[in-house]
Amino acid sequence: MENKKTLIKQFSHTDLDGVGSALLLQALLQEQKGYVAENYLPVGYSEPGADGTIDKHILNFIQTNEEAVTELYITDICPSDEVIAQLSAYCKDNEITWHIFDHHVTSVHVNEIYPHNASIIVSDEATGLKHSATSVLFKILVGKMPTELFEDEKWQRLANVADIIRCYDCWDWQLNPNAAYKESAAEFNNLFYFYSWDKRIELMGSVMSAGLPLLKDYAEIIAALKEKEEDYVRRKTLKAQFGTLDGKTFAYSFGEQYTSVLGNALARLEHPETKKEVDFSFVLNGKGVSLRTNNDDIDLSVLAARYFNGGGHKRASGGAFAEIQYFISDSENPEQAPTLFLDLKR
């Protein structure tokens, strides 16, 4: 029987790590298996969570795909268990190899259900570093963390790009004093979001090809964006409001930009009643909510899953409100009607 042409379908997240891991996977497969551009279908970029798009995009692929796909990969995002089950059955029926590369703690259980098809790793046992999807790819496909390959002539260019993405996505640039990249990680993310969607993909592809020195060509834009970010975060934190949820204090603000930086700044604020640093913060953007904490005793992934139909990491998670009027539902008590959480005007 004639071998089928290799044809790859990918799904990934829309953020820096999602785009980076999608393009990194292509680069790694090109290096290891000799794949070329014609082996790839367009990447399907999706949002996570119950109100996201990943489930819809996977189901649409299953129902409408007419391409002779041979391999399917999902990076930096994980569909629901129900949709993964449907995808697994579809791939089995159509002889498609598939794999999920992710790093979110809320998806770790998928490893046990599909041990040959999932590599969902939160942190690296050897180095102790937190994983992003880009570093998971390096660990699984190359065998080492990006930081362990900085001096490797073959891999150093991609390793440096992968780790600056990991450094930002895991907030390593702020929390880890020994991080390989400090301010430059946030600068890369700001530059990424400065551009329109198509230009973001183009920028990431260019950096993958040329390496991090390419970012020097954007020095003036990066400097201007840094000044804009600092002013934006300063104004938003001055207007922060406070509340409590489940016995925990929080600070919050609306924010369409610099969500992670703003969330971390809010998480350092003092609650006006307790006179102590708040337990967590969140940034509102429409129905979306981004949560951050500096408190090691709080697992935001649990809070996000319980109240905001979301998930993520222990110290950084996200989700969405039930309605734009900011109602929330308690998933641990589903019989209870959604309750009004915030009654706000922009």
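Colleague: In S8, which residue is the bridge partner of Ala-251?
Modeller: This is a predicted model, where local features need pLDDT of at least 70, side-chain atom pairs count only at pLDDT 80 or more, and totals for chains, interfaces and linings use all residues. Residues are numbered from 1 along each chain as its sequence is written, and side-chain values use heavy atoms, leaving out hydrogens and water. Strand S7 (residues 248-254) and strand S8 (residues 280-285) pair in the parallel sense over five bridges; strands are DSSP runs of E, at least two residues, and helices runs of H or I, at least four, both numbered from the N terminus. In S8, the partner of Ala-251 is Ser-281.

Colleague: Which strands stand at the edges of the sheet S6-S7-S8-S9-S11-S10?
Modeller: Six strands make up this open sheet, with mixed pairing. Strands pair if DSSP finds at least two bridges between them. A strand with a single partner has one side left without a neighbour in the sheet, so the edges are strand S6 (241-245) and strand S10 (311-312).

Colleague: What angle does the direction of helix H11 make with that of S8?
Modeller: Angles run from 0 to 180 degrees between N-to-C directions, and axes are lines fitted to C-alpha atoms, for helices over the stretch in contact. Helix H11 (residues 259-266) packs on the sheet and touches S7, S8 and strand S9 (288-292). Its direction and that of S8 make about 140°.

Colleague: Is Asn-264 buried or exposed?
Modeller: Asn-264 lies in helix H11. Leaving aside neighbours within four places in sequence, it is in contact (heavy atoms within 4.5 Å) with Trp-171, Gln-174, Arg-292 and Asn-294. The cut-offs are under 20% relative accessible area for buried, over 50% for exposed and in between for partly exposed, using a 1.4 Å probe and protein chains only. With a relative accessible area of 5%, Asn-264 is buried.

Colleague: How far is the backbone oxygen of Ser-260 from a polar atom of the side chain of Asn-264?
Modeller: An α-helix has 3.6 residues a turn, so residues three or four places apart point the same way. From the backbone oxygen of Ser-260 to a polar side-chain atom of Asn-264, the distance is 2.8 Å.

Colleague: How many of the eight residues of helix H12 are buried?
Modeller: Helix H12 (residues 300-307) is mostly covered. The cover over its buried residues includes S6, S8, S9, S10, strand S11 (316-320) and strand S12 (327-328). Leu-300, Ser-301, Leu-303, Ala-304, Arg-306 and Tyr-307 are buried. The count is six.

Colleague: In the sheet S2-S1-S3-S4-S5, which residue in S2 stands opposite His-13?
Modeller: This open sheet has five strands and parallel pairing. Its edge strands are strand S2 (44-46) and strand S5 (118-120). Three bridges join strand S1 (residues 8-13) to S2. Opposite His-13 stands Ser-46.

Colleague: Are H5 and H6 parallel or oblique to each other?
Modeller: The axes of helix H5 (residues 133-142) and helix H6 (residues 156-169) come within 7 Å and cross at roughly 140°. Angles under 35 degrees count as roughly parallel, over 145 as roughly antiparallel, 65 to 115 as roughly perpendicular and the rest as oblique. The two helices are therefore oblique.

Colleague: Which residues in H6 meet H5?
Modeller: H5 brings Thr-134, Ser-135 and Phe-138 to this contact. From H6 come Leu-158, Ala-159, Ala-162, Ile-165 and Arg-166.

Methods. A polar contact is a pair of N or O atoms within 3.5 Å; within protein, one must be able to donate a hydrogen and the other to accept it, and residues adjacent in sequence count only if both atoms are side-chain atoms.
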